Amino acid sequence: MRHLAVGLFLLALTAGAYRTAWSAAWVYEDRATLTSATTTTGWQRVITYATWRLTPTPRAAHLLNLMCHLVIGLLLAILARRLGLTALGMWVVVLLWLLHPLMVETVAYAKARSEQLVLIGVLLALIAASGRWWRPLGLIGISGGSLFALGSEPSGVVVFLLVPLMVWHRQHAQKAPSWASWWMPAGVAAALIVAGVVWYGGLWAVVNVDTEAGITSVSAVTWWQWGLAQSGAVWHWCRTVFWPAGVTPDLDVDHLSPLTQWLGITMMMAWAGLAVRYSRTRPLVTLALLWMLCMIGPRLIVQTPRSYLNAAQFAGAFMGLALLAGYGTEQWRQQWTRPF
Amino acid sequence: MDSTLLAEARLFWPLVVAGAVASGGFIGLLVALCVTEVACELQQMIHDYTSVHAWTHRHVRKGA
């Protein structure tokens, strides 16, 4: 009953905060996306484009984005509980997801729905992977979630990193049959990634561009320059998570300072170091840190479609931070309620 | 003045004062400040994404 009340309260807060989305018009690339959805054929973004054809008006599109936002909140709550967070930790995760200013782009900007759909697919796969993944229901959940993520946006490929990570994290949570070793999903995912890269035209095509014209246009951008720029964006969004003053829809990544870029690189290296440091004592911290690295990592090297990291694309990494916040809150509470 | 800024001003100080008075201390003031900051930024971002005027204004100012 108490959980229902908290859930309804958060639902009311979210609906109230986003009330202006009902009457909002298309902005920026919304119209272009709608045109693409109605004219493009093929399997890429097939799920995203199907949702756009179902919601041709701004009101319907914004309503669907809000619904997706709430669904992701629910899936996050389920996953948080399954990972062992208490009710307090779970509600902190959900609260941050539903009402953090950084998440506005995924909700109020209709074009960002593709990222929401990817996250729905990834979370479904992760919930399945966190249980008895070797059983038929688990395998169906992982396959279905992965296909949903990949059919929504190419960035859904992160599911091939996160599912093995989750299986590894949960390897001691339940007894698996001898044939279902924790490394098996990692092997399958690696094989699928290699097959996908070969099918797509080789590593160069994947990490750089997907057309001849594109190769010409970005040949002057080295991997290092690209990685530095993206690292600067990572630092900016992380700083915004902790103190959202000045958060803006039109971040100019090209004008972020070299200091910001190096801070981003240093921070990600610190995440990796802390993930190793806490792998035995605080495995959930390790999971959350590696989660963020898996969500961001591909964007540091893949230049297609040459999109700087935006708030919607950072949403996946934000989930890792939210898990850390939920875990930290319950640890803090235990510290203060411990008898002297 | 921008209506959002007005709303922000209306929200800001009452929350800060209420938080400080209710807690009677520094931590309450800090919490009130943080909650208010996040609420104001949330409101500003939603305004930026749902108002064609705000969107155009931002991009004209940026020169994009």
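**Exercise 1. Burial and overall form of chain A**

State what share of the 340 residues of chain A counts as buried, and describe the fold in outline.

Solution. Step 1: in this predicted model, 43% of the 340 residues of chain A count as buried. Step 2: the secondary structure of chain A consists of 16 helices and zero strands. Step 3: the radius of gyration of chain A is 20 Å, close to the 20 Å from the globule rule for 340 residues, so chain A is as compact as a globular protein of that length. Step 4: along the principal axes, the C-alpha atoms of chain A fill a box of roughly 65 × 50 × 45 Å. Step 5: among contacts in chain A with a separation of 6 or more, 75% join residues 24 or more positions apart.

**Exercise 2. The nonpolar core**

Find which residues touch the most other members of the largest nonpolar core, and which helix gives the most to this core.

Solution. Step 1: the core has 95 residues, and Leu76(A), Leu162(A) and Val163(A) touch the most other members. Step 2: helix H7 (residues 113-129) of chain A gives the most to this core, with eleven residues. Step 3: take Leu162(A) and leave out residues up to four places away in sequence; Leu162(A) then touches Val122(A), Leu126(A), Trp291(A) and Cys294(A).

**Exercise 3. Pro164(A)**

Decide whether Pro164(A) is buried or exposed, and list what Pro164(A) touches.

Solution. Step 1: Pro164(A) sits in helix H9 (residues 159-169) of chain A. Step 2: a residue is buried if 20 or more other C-beta atoms lie within 10 Å of its own. Pro164(A) has 21 C-beta neighbours inside 10 Å and therefore counts as buried. Step 3: not counting residues up to four places away in sequence, Pro164(A) touches Pro185(A), Ala186(A) and Ala189(A). Step 4: Met268(A) is 104 residues from Pro164(A) along the chain, and their C-alpha atoms are separated by 20 Å.

**Exercise 4. Helix H13 and its packing**

Describe the length and burial of H13(A), then its contact with H15(A).

Solution. Step 1: helix H13 (residues 223-242) of chain A has 20 residues and reaches 29 Å from its first C-alpha to its last, close to the 28 Å expected at 1.5 Å a residue. Step 2: the buried residues of H13(A) include Trp226(A), Gln230(A), Val234(A), Trp237(A) and Cys238(A). Step 3: helix H14 (258-277) and helix H15 (283-301) of chain A are among what covers the buried residues of H13(A). Step 4: the axes of H13(A) and H15(A) come within 7 Å and cross at roughly 145 degrees. Step 5: H13(A) makes this contact through Trp223(A), Gly227(A), Gln230(A), Ser231(A) and Val234(A), and H15(A) through Ile296(A), Arg299(A), Leu300(A) and Ile301(A). Step 6: by class, the contact has five nonpolar, three polar and one charged residues.

**Exercise 5. Chain B and the interface**

Give the number of residues in contact between chain A and chain B, and classify Ala18(B) as buried, partly exposed or exposed.

Solution. Step 1: 19 residues of chain A are in contact with 14 residues of chain B. Step 2: helix H6 (residues 104-108) of chain A gives the most to the side of chain A that touches chain B, with three residues. Step 3: the residues on that side of chain A divide into 16 nonpolar, one polar and two charged. Step 4: within chain B, Ala18(B) lies in helix H1 (residues 3-23). Ala18(B) has 13 other C-beta atoms within 10 Å and is therefore partly exposed. Step 5: Ala32(B) is 14 residues from Ala18(B) along the chain, with 8.0 Å between their C-alpha atoms.

Key. Residues numbered from 1 in each chain as written. Chains lettered and ligands numbered in written order. Predicted model: local features only at pLDDT ≥ 70, side-chain atom pairs only at ≥ 80, totals over all residues. Helix = DSSP H or I, 4+ residues; strand = E, 2+ residues; numbered from the N terminus. Expected span 1.5 Å × (residues − 1). Buried ≥ 20, exposed ≤ 12 C-beta atoms within 10 Å, placed from the backbone. Contact = placed C-beta atoms within 7 Å. Nonpolar A, V, L, I, M, F, W, Y, C, P; charged D, E, K, R; others polar. Core = buried A, V, L, I, M, F, W, Y, C linked by C-beta atoms within 7 Å. Rg over C-alpha atoms; globule rule 2.2 N^0.38 Å. Axes fitted to C-alpha atoms, helices over the stretch in contact; angles between N-to-C directions.
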